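Here's a quick briefing to read with the structure open beside you. Have a look at the fold before diving into the points below.

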Amino acid sequence: MDRCPWCGTDPLYVAYHDQEWGVPEHDDRRLFEFLILEGAQAGLSWITVLRKRENYRKAMDGFDPEKIARYDDAKIAALLQDSGLIRNRLKMGAAVGNARAYLDLRDAGTSLDSFVWDFVDGEPRINRFRSLSEVPAVTPEAEALSKALKKQGFRFVGPTIMYAFMQAAGLVNDHLVSCPRHRQLA
C-alpha cells in the first residue's frame with residue numbers, strides 16, 4: 001500500500017490515516033472533537049495529539065459541549081494538571097469557550113455540520129496532489145471558515161488550523177493520488 005508518507009510507520013498514525021483522516025464527517029460531536037483537538041495541536045505535531053486523544057475523551061466528558069461549556073476555573077485547573085492532556089491554559093480555555101460558542105451556534109438554529117460544510121458547498125473538495133510539497137497549509141476556504149468561526153466566538157481556529165480540520169474531517173480529500181485512500185474517498 002502506497003500510503004501518504006506523512007503517517008510514517010507508527011501503528012496509531014497508520015490506523016488514523018487508513019480509517020479516519022479525510023473521511024467526510026457530519027456528526028456534530030465528532031466535528032466538535034476535531035475542532036478542539038486541531039486547536040490543541042497548534043505548535044505541535046498531530047501524532048502528539050493523537051496519542052493523547054483517548055485521554056482527552058475521558059477527561060473532557062467525551063467532548064460533550066454541554067458539559068464542557070460548564071467547566072469552571074477549578075475544573076480547568078484540574079485539567080491543566082493532567083499529564084495525559086496538552087497542558088496549555090490558553091488552549092484549555094479556548095476549548096471551554098468553543099463549547100459555549102458551539103452551543104450558541106446550535107441555539108441559533110445552526111448545526112456545526114451545516115456551518116462548516118457550507119464552506120465547501122456541502123461536498124468534499126477532491127484534490128489531486130502528487131506530492132506532499134503540493135499540499136497547501138491554508139486555502140481561501142480555510143481562511144473564510146476561520147474568519148466566520150472567530151465571528152461566532154470560537155478561538156484557536158486560525159486558517160492553518162482550519163485547513164488541518166478540513167483535511168481531518170473530510171471537507172477536502174488531500175490524500176495523494178498515489179494513495180489508495182484517495183480513490184476510496186473520491
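What follows is a tour by topic, from salt bridges to cysteines.

Keep in mind that this is a predicted model. The count of salt bridges comes to 13, that of aromatic pairs to six, and that of disulfides to zero. Helix α9 is mostly covered, with eight of its 10 residues buried.

**Salt bridges**

- R29 pairs with D64, and their closest N and O atoms are 3.7 Å apart. R29 belongs to helix α2 and D64 to the loop between α3 and α4, so this pair ties together parts that are 35 residues apart in sequence.
- The two ends of that bridge sit in different classes of exposure: R29 is partly exposed at 38% relative accessibility, while D64 is buried at 13%.
- E33 and R57 also meet in a salt bridge, at 2.8 Å from N to O. Here the link runs between helix α2, which holds E33, and helix α3, which holds R57, with the two positions 24 residues apart.
- E33 is buried, with a relative accessibility of 5%, whereas R57 is partly exposed at 23%.
- E141 bridges to R125, with the closest N and O atoms 2.7 Å apart. That pair joins helix α8, home of E141, to strand β1, home of R125, and the two are 16 residues apart.
- Both partners count as partly exposed: E141 has a relative accessible area of 26%, and R125 comes in at 28%.
- Shared partners also build up a network of salt bridges, which takes in E20, E25, R30, E33, R53, E54 and R57.

**A buried charge without a bridge**

- D113 is found in helix α7, residues 112-117.
- D113 is buried but has no salt bridge, and the nearest side chain of opposite charge, R30, is 12 Å away.
- Leaving out residues up to four places away in sequence, D113 touches E25, H26, D28 and L31.

**Aromatic rings and a charge over a ring**

- Of the six aromatic pairs, one is W6 with Y13: the ring centres are 5.3 Å apart and the planes lie at 70°, so the pair is edge-to-face.
- Y56 and F63 have ring centres 6.4 Å apart and planes at 10°, so they count as stacked.
- W6 is partly exposed at 23% relative accessibility, while Y13 is buried at 14%.
- Y56 is buried at 3%, and F63 is buried too, at 0%.
- W6, Y13 and W21 are linked by ring pairs into a cluster.
- K75 lies over the face of Y71, 5.1 Å from the ring centre.

**Helix α9 and its surroundings**

- Helix α9 spans residues 159-168. Its buried residues are I161, M162, Y163, A164, F165, M166, Q167 and A168.
- The cover over those buried residues includes α1, α2, α7, α8 and β2.
- G170 follows α9 and has a positive phi, near 75°.

**Positive phi outside glycine**

- F63, the ring partner of Y56, has a positive phi near 60° despite being a residue other than glycine. F63 sits in the loop between α3 and α4.
- F156 is another residue other than glycine with a positive phi, near 55°. F156 is placed in the loop between α8 and α9 and is partly exposed, with a relative accessible area of 29%.

**An exposed loop residue**

- D121 is found in the loop between α7 and β1, and it counts as exposed at 64% relative accessibility.
- The C-alpha atoms of D121 and L171 are separated by 9.6 Å, though the two residues are 50 apart along the chain.

**Cysteines**

- Why are there zero disulfides in the whole structure? For C4, the closest cysteine sulfur is that of C179 at 3.8 Å, which is too far for a bond.
- C7 has its closest cysteine sulfur in C4, 6.9 Å away, and that is also too far for a bond. The cut-off for a disulfide is a sulfur pair within 2.5 Å.
- C4 is buried at 1% relative accessibility, and C7 is buried at 2%.

Terms used. Residues numbered from 1 in each chain as written. Predicted model: local features only at pLDDT ≥ 70, side-chain atom pairs only at ≥ 80, totals over all residues. Heavy atoms only, no water. Buried < 20%, exposed > 50% of the residue type's maximum accessible area, 1.4 Å probe, protein only. Helix = DSSP H or I, 4+ residues; strand = E, 2+ residues; numbered from the N terminus. Lys, Arg positive; Asp, Glu negative; His and termini not counted. Salt bridge = Lys/Arg side-chain N within 4 Å of Asp/Glu carboxyl O. Contact = heavy atoms within 4.5 Å. Phe/Tyr/Trp six-rings, centres within 6.5 Å; stacked < 30°, edge-to-face > 60°. Lys NZ or Arg CZ within 6 Å of the ring centre and 35° of its normal.
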